[in-house]
Structure formats: structure tokens, C-alpha cells
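Biologist: Got a minute to walk me through this one? I'd like to go helix by helix.

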Amino acid sequence: MLGLSCEEGQGPPADRALARRYYAAGAEAGDCWASFNLGRLMLEEGEFDAALIRFRRAYDTGFAGFWRRLAEVLAPLDDLRFRALARAALSRAEAGEAALRRRRTGEEAAS
């Protein structure tokens with residue numbers, strides 16, 4: 001949240017360098033959204049290889065709703081590495097959502 005506030009200038013004036021530091025701290029702590037946002041900034045600044053590393057780390061620590069968002073952001077990119085990660089994220093999101101539906105259906109049947 002601090003990174004997003006700094007990036008967008010909510011409260012203090014916008015400061016992308018400070019946002020990157022906050023995102024990096026969150027990413028190192030294992031937060032998928034922080035890693036995603038750090039990757040997004042890196043991508044915007046042309047740091048494609050570094051961004052890909054961050055997106056992969058985000059993928060590894062994410063969850064169904066997050067994987068879907070990751071896929072939406074990466075799928076339109078021209079770089080095939082990002083598009084491959086987008087396909088994997090979408091597949092993982094769909095599998096996670098299907099498992100959740102099965103679990104809910106099982107819970108409803110058991111009640």
C-alpha cells in the first residue's frame with residue numbers, strides 16, 4: 001500500500017523511486033502484489049529481464065484472483081516470455097477457481 005501511495009501521489013507527492021523501494025521491500029517479504037507492481041514499474045522503464053523475474057516471483061506466490069490479473073497485464077505484450085507467463089497464470093487461475101467451486105459445491109452438498 002505504501003508503494004502504491006507513493007507511486008500515485010496519494011498523500012505525499014508522487015515519488016516513483018520511493019514506490020520502487022517499498023515495492024521491493026514487499027516483494028522480498030513474499031507479497032505477490034508488491035512483486036507485481038515492482039515488475040510493472042520495471043516494465044514501464046524498459047527493464048524487461050528484471051521485470052520478468054519479478055513477475056515470475058509474483059506468479060509463484062500468488063492466488064487465483066491475482067493470477068488472473070497477472071495474465072490480463074502480460075498477455076497483450078509482444079515479448080513471448082511474458083505471454084507464456086500470462087498463459088501459465090491464466091491456467092493456474094482457472095484451476096484454482098475450479099477447485100474453489102468444487103469445494104463450495106461439496107460444502108453445500110454436505111449441509
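Biologist: Which exposed residues sit on the face of H2 turned away from its buried side?
Modeller: Arg-21 and Glu-28 are the exposed residues carried there. Bear in mind that this is a predicted model.

Biologist: And which residues of H2 are buried?
Modeller: Ala-19, Tyr-23, Gly-26 and Ala-27 are buried in H2. Looking down the helix axis, those buried residues fall within an arc of 100 degrees, so they line one face of H2.

Biologist: Why would a spacing like that put residues on one side?
Modeller: An α-helix has 3.6 residues a turn, so residues three or four places apart point the same way.

Biologist: What span should H2 have, going by its residue count?
Modeller: H2 has 13 residues, which at 1.5 Å a residue should span 18 Å, and its end C-alpha atoms are 18 Å apart, so the two agree.

Biologist: What happens at the start of H2?
Modeller: A side-chain oxygen of Asp-15 comes to within 3.2 Å of the backbone nitrogen of Ala-17 there.

Biologist: Is Ala-17 itself buried, partly exposed or exposed?
Modeller: Ala-17, which has its place in helix H2, counts as partly exposed, at 43% relative accessibility. Its C-alpha is 9.8 Å from that of Leu-41, and the two residues are 24 apart in sequence.

Biologist: What follows H2?
Modeller: Gly-30 does, and its phi is positive, near 100 degrees.

Biologist: OK, stepping back. How many helices and strands does the protein chain have?
Modeller: There are six helices and zero strands. Written from the N terminus on, the order of elements is α-α-α-α-α-α.

Biologist: What share of the chain counts as buried?
Modeller: 34% of the 111 residues do.

Biologist: On to H3, then. How many of the residues of H3 are buried?
Modeller: 11 of its 13 residues are buried, so H3 is largely enclosed by the rest of the structure. Among them are Cys-32, Phe-36, Asn-37, Arg-40 and Met-42.

Biologist: Any glycines in that set?
Modeller: Gly-39 is one of the buried residues of H3. Leu-38, Leu-41 and Leu-43 are buried too.

Biologist: Which residue caps the N-terminal end of H3?
Modeller: Asp-31 is the cap, with a side-chain oxygen 3.0 Å from the backbone nitrogen of Trp-33.

Biologist: And past the other end, what follows H3?
Modeller: Gly-46 follows H3, with a positive phi near 80 degrees.

Biologist: How far does H3 reach from its first C-alpha to its last?
Modeller: H3, residues 32-44, reaches 18 Å, close to the 18 Å expected at 1.5 Å a residue.

Biologist: At what angle do H2 and H3 pack?
Modeller: The angle is about 140 degrees, and the axes of H2 and H3 are 7 Å apart. That makes H2 oblique to H3, because an angle has to be over 145 degrees to count as roughly antiparallel. H2 passes H3 in a left-handed crossing.

Biologist: What about H3 and H4, where do their axes end up?
Modeller: The axes of H3 and H4 come within 8 Å and cross at roughly 160 degrees. That makes H3 roughly antiparallel to H4. H3 also passes H4 in a left-handed crossing.

Biologist: Which residues are buried in H4?
Modeller: In H4 the buried residues are Ala-51, Leu-52, Arg-54, Phe-55, Ala-58 and Tyr-59. Viewed down the axis of H4, the buried residues fall within an arc of 165 degrees, so they line one face of the helix. Asp-49 and Asp-60 are exposed residues on the face of H4 turned away from that buried side.

Biologist: How many residues does H4 have?
Modeller: H4 runs over residues 48-61, which is 14 residues, and it reaches 20 Å from first C-alpha to last, close to the 20 Å expected.

Biologist: Last topic, H5. Is Phe-66 buried or exposed?
Modeller: Phe-66 lies in helix H5 and counts as buried, at 0% relative accessibility. Phe-66 and Ala-93 are 27 residues apart in sequence, with their C-alpha atoms 7.8 Å apart.

Biologist: And what about Glu-72, how accessible is that?
Modeller: Glu-72 has its place in H5 as well, and it is partly exposed, with a relative accessible area of 48%. From Glu-72 to Ala-89 is 9.2 Å, C-alpha to C-alpha, and 17 residues in sequence.

Definitions and conventions: Residues are numbered from 1 along each chain as its sequence is written. This is a predicted model: local features need pLDDT of at least 70, side-chain atom pairs count only at pLDDT 80 or more; totals for chains, interfaces and linings use all residues. Side-chain values use heavy atoms; hydrogens and water are left out. Helices (H or I, at least four residues) and strands (E, at least two) are DSSP runs, numbered from the N terminus. The expected span of a helix is 1.5 Å times one less than its number of residues. Buried means under 20% relative accessible area, exposed over 50%, partly exposed in between (1.4 Å probe, protein chains only). A polar contact is a pair of N or O atoms within 3.5 Å; within protein, one must be able to donate a hydrogen and the other to accept it, and residues adjacent in sequence count only if both atoms are side-chain atoms. The arc is that of the directions from the helix axis to the C-beta atoms. Axes are lines fitted to C-alpha atoms, for helices over the stretch in contact, and angles run from 0 to 180 degrees between N-to-C directions. Angles under 35 degrees count as roughly parallel, over 145 as roughly antiparallel, 65 to 115 as roughly perpendicular and the rest as oblique. A crossing is left-handed if the near helix is turned anticlockwise from the far one by less than a right angle, and right-handed if clockwise.
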